[in-house]
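Here's a walk through a two-chain model, taken piece by piece. Have the coordinates open and follow along.

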Amino acid sequence: MSVVSTPTRIGRLDLIGRQLDYWVTVYKRTWRGSVVSSFVLPFLYVVAMGVLLGGFVEQPPERLEGAATYLAFVAPGLVAAHAMQTATGEVMWPVMGMIKWSRTYFGMIATPLRPSDIVAAQLLFTAFRVATACGVFLLILAPFGVFESWTGLFLAWLVQILLGLAFATVFFGISASMRNETGYSVLYRLVVIPLFLFSGAFFPIANLSPVLEWLARLTPLWHGVDLTRTLLLDRVDGPMALVHLTYLVSMTVVGWWFAASRLTKRLAH
Amino acid sequence: MVLARGLRKRYGDVEAVRGIDVSVRAGEAFGFLGPNGAGKSSTMRMIAAVSPPSGGELRILGMDPATQGPEIRSRIGVCPQEDTLDNELNVRDNLVVYGRYFGIPRREVAERADELLSFVHLGDKAKSKVEDLSGGMKRRLTIARSLVNRPDLLLLDEPTTGLDPQARHLLWDRLFRLKQQGVTLVLTTHYMDEAEQLCDRLVVMDGGRIVAEGAPLDLIRTHSTREVAELRFGVGEHEALAARVEDLAERVEVLPDRLLLYTDDGETAMARVHERGLNPRAFLVRRSTLEDVFLRLTGRTLVE
């Protein structure tokens, strides 16, 4: 028998698409569990922080970045923070699990899939998770009358997907590099939580000291929060929006490359 | 099917594979025999086109793994040493989801999954959780999974390690059938009986190098005698007694728990031992195996 080589190239999109069935099964078994963290908790946040705590905050709109009420100010911030938390959650423990515990990736790379195809499919799944979680969140908020237009709402929803990907790509790369899960508590306490608290989601960053304010302006979450808020309050500033988009797109592109190269290195031992 | 010349694999300062030449022909069962750490698994990962070689030349199915990884992997099946089954999915879905990675249409992969489950005797476990399967069943499921793309080349890394004898024999039987169907098998093992049972040809690896190559029986003929007499004395006595039986065999090996007398006529050698007034606690005469070949070539036993 002679070995006939038929090197018909398999395209990248094909290889990514072949993972659809896997992610559908993952979603089928996890979506119920994610209802609480994706939909119920954010709603509780809105009620507690926006409505109840916000009732004590009486500030003119110019001190709330143009929002008529504290609820209208904090709602976009909560949505953006939710995008970050949903996205990072999808690529922290799950990625480490697929490397170390279930070793699912090692089964996958024995097939035509390459590490970069695996990264692409998992990031797309993460984007889907962010899209559904933040989409529902935005729809829940709509009846509170805090959004100015449906166009702004739709664009803000797209921004959440981009913001989620910006975080997911970088965190995927970090996860693929980590030897054990103890790094996650450091990452969570020193990066995710401080970003959540100080990136302008809960108060205007102008309230910070000048140095800290500039530090906040450098964080990805602030760019996401500001873009989301200006879209939902219909106060978009063109050049600034462009800066936000450039920042988040660049982070996604570099992060994607970082994630793919780290996973490639990790799996090709 | 596989052609390697001067193949090397280095991890940092450690060179796991130190320049090996291997050629696997279509339809044969080819084995890598050696102890743990000999470089077998590293070689297998390179042949599976998941681990890039550090040096040398490698062609799999006529293709270059560096540039045609996905195309090569489309046509090979891999049964890894550690199971990578998805515990969250049921038995059948493990095959279906995996088959989709090869681009097999859903309807076809469903048919193949049912066929393969009956091939590995897991038809009645289709809806079971993977967690609930025994070790032997998981192995069989892993084998079934590695066949879902109908591979031309099947790679098996330590396929029966950790299995009980009954489970091993069932697996061997399945592998024989695959070979009859024309699938080329490449396997690693540190069990000499497995290598003898399954392999048409094998290489003996030690310390990242190939120390012998050939058909199992040829290797035994070349590197060992027809028979071996094994003598067990008290612990610690073997060294001293070796000198007293040295002239009865072509070669004597001293192991911590026994003496091995290599000779073409074991019974006669045994009778002579008794004539000399030596009474081993236990003795047996057996034919030489690959274990003896390995001992001869490396001075060490395979399973330590």
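## A hairpin in chain B

Start with strands E11 (residues 251-254) and E12 (residues 259-263) of chain B, which pair in the antiparallel sense over four bridges. Keep in mind that this is a predicted model. The two strands, E11(B) and E12(B), make a hairpin, with four residues between them. If you want a specific pair to look at, Arg251(B) has Tyr262(B) in E12(B) as its bridge partner.

## Another hairpin, at E1 and E2

Chain B also has strand E1 (residues 2-11) and strand E2 (residues 14-24), and these pair in the antiparallel sense over eight bridges. Within that pairing, Leu7(B) sits opposite Ile20(B) of E2(B). Which residue in the hairpin of E1(B) and E2(B) takes a positive phi? That's Gly12(B), with a phi near 60°, in a hairpin that has two residues between the strands.

While you're looking at strands, here's a handy general point: in a regular strand, side chains alternate between the two faces of the sheet.

## How chain B splits up

The domain assignment cuts chain B into domain 1 (2-213) and domain 2 (221-298). Their C-alpha centres are 37 Å apart. Where the two domains of chain B meet, eight residues of domain 1 are in contact with eight residues of domain 2.

What builds the domain 1 side of that meeting point in chain B? Helix H7 (192-198), strand E8 (201-206) and strand E9 (209-214) of chain B each put in at least two residues. H7(B) gives the largest share, three residues. By character, the domain 1 residues of chain B that touch domain 2 come out as six nonpolar, no polar and two charged.

## Helix H8 and its two sides

Now go to helix H8 (residues 216-223) of chain B. Its buried residues are Pro216(B), Leu219(B) and Ile220(B). Looking down the axis of H8(B), the buried residues fall within an arc of 100°, so they line one face of the helix.

Turn to the face of H8(B) pointing away from the buried side, and you'll find the exposed residues Leu217(B), Asp218(B) and Thr222(B). As for the cover over the buried residues of H8(B), it includes H7, E8, E9 and helix H11 (290-298) of chain B.

## Glu196 in H7

One residue in helix H7 of chain B is worth a stop: Glu196(B). Is Glu196(B) buried or exposed? A residue counts as buried if 20 or more other C-beta atoms lie within 10 Å of its own. Glu196(B) has 20 other C-beta atoms within 10 Å, so it is buried.

Leaving aside residues up to four places away in sequence, Glu196(B) touches Pro216(B), Thr289(B) and Leu290(B). Pro216(B) should ring a bell, as one of the buried residues of H8(B). For a sense of distance, Glu196(B) and Ser224(B) are 28 residues apart in sequence and 15 Å apart in space, C-alpha to C-alpha.

## Chain A, helices throughout

Over to the partner. Chain A has 11 helices and zero strands. Its radius of gyration is 20 Å, close to the 18 Å that the globule rule gives for 269 residues, so chain A is as compact as a globular protein of that length. Along its principal axes, the C-alpha trace of chain A spans about 85 × 35 × 35 Å.

Buried residues account for 42% of the 269 residues in chain A. Of the contacts in chain A with a separation of 6 or more, 80% are between residues 24 or more positions apart.

For a single example, take Gln122(A), found in helix H6 (residues 115-141) of chain A. Gln122(A) is buried, with 25 other C-beta atoms within 10 Å. Gln122(A) and Tyr105(A) are 17 residues apart in sequence, and their C-alpha atoms are 11 Å apart in space.

## Where the chains meet

How many residues does each chain bring to the contact? Chain A brings 26 residues and chain B brings 31 residues. On the chain A side, helix H1 (12-17), helix H2 (20-53) and helix H5 (104-108) each supply at least two residues. The chain A residues that touch chain B divide into 13 nonpolar, seven polar and six charged.

Notes. Residues are numbered from 1 along each chain as its sequence is written. Chains are lettered from A and ligands numbered from 1 in the order in which they are written. This is a predicted model: local features need pLDDT of at least 70, side-chain atom pairs count only at pLDDT 80 or more; totals for chains, interfaces and linings use all residues. Domain bounds come from an automatic or database domain assignment. Two residues are in contact if their C-beta atoms, placed from the backbone, lie within 7 Å. Ala, Val, Leu, Ile, Met, Phe, Trp, Tyr, Cys and Pro count as nonpolar, Asp, Glu, Lys and Arg as charged, and the others, Gly among them, as polar. Two strands pair if DSSP finds at least two bridges between them. The radius of gyration is taken over C-alpha atoms; the globule rule is 2.2 Å times the number of residues to the power 0.38. A residue is buried if 20 or more other C-beta atoms lie within 10 Å of its own, exposed if 12 or fewer, and partly exposed in between; C-beta atoms are placed from the backbone. The arc is that of the directions from the helix axis to the C-beta atoms.
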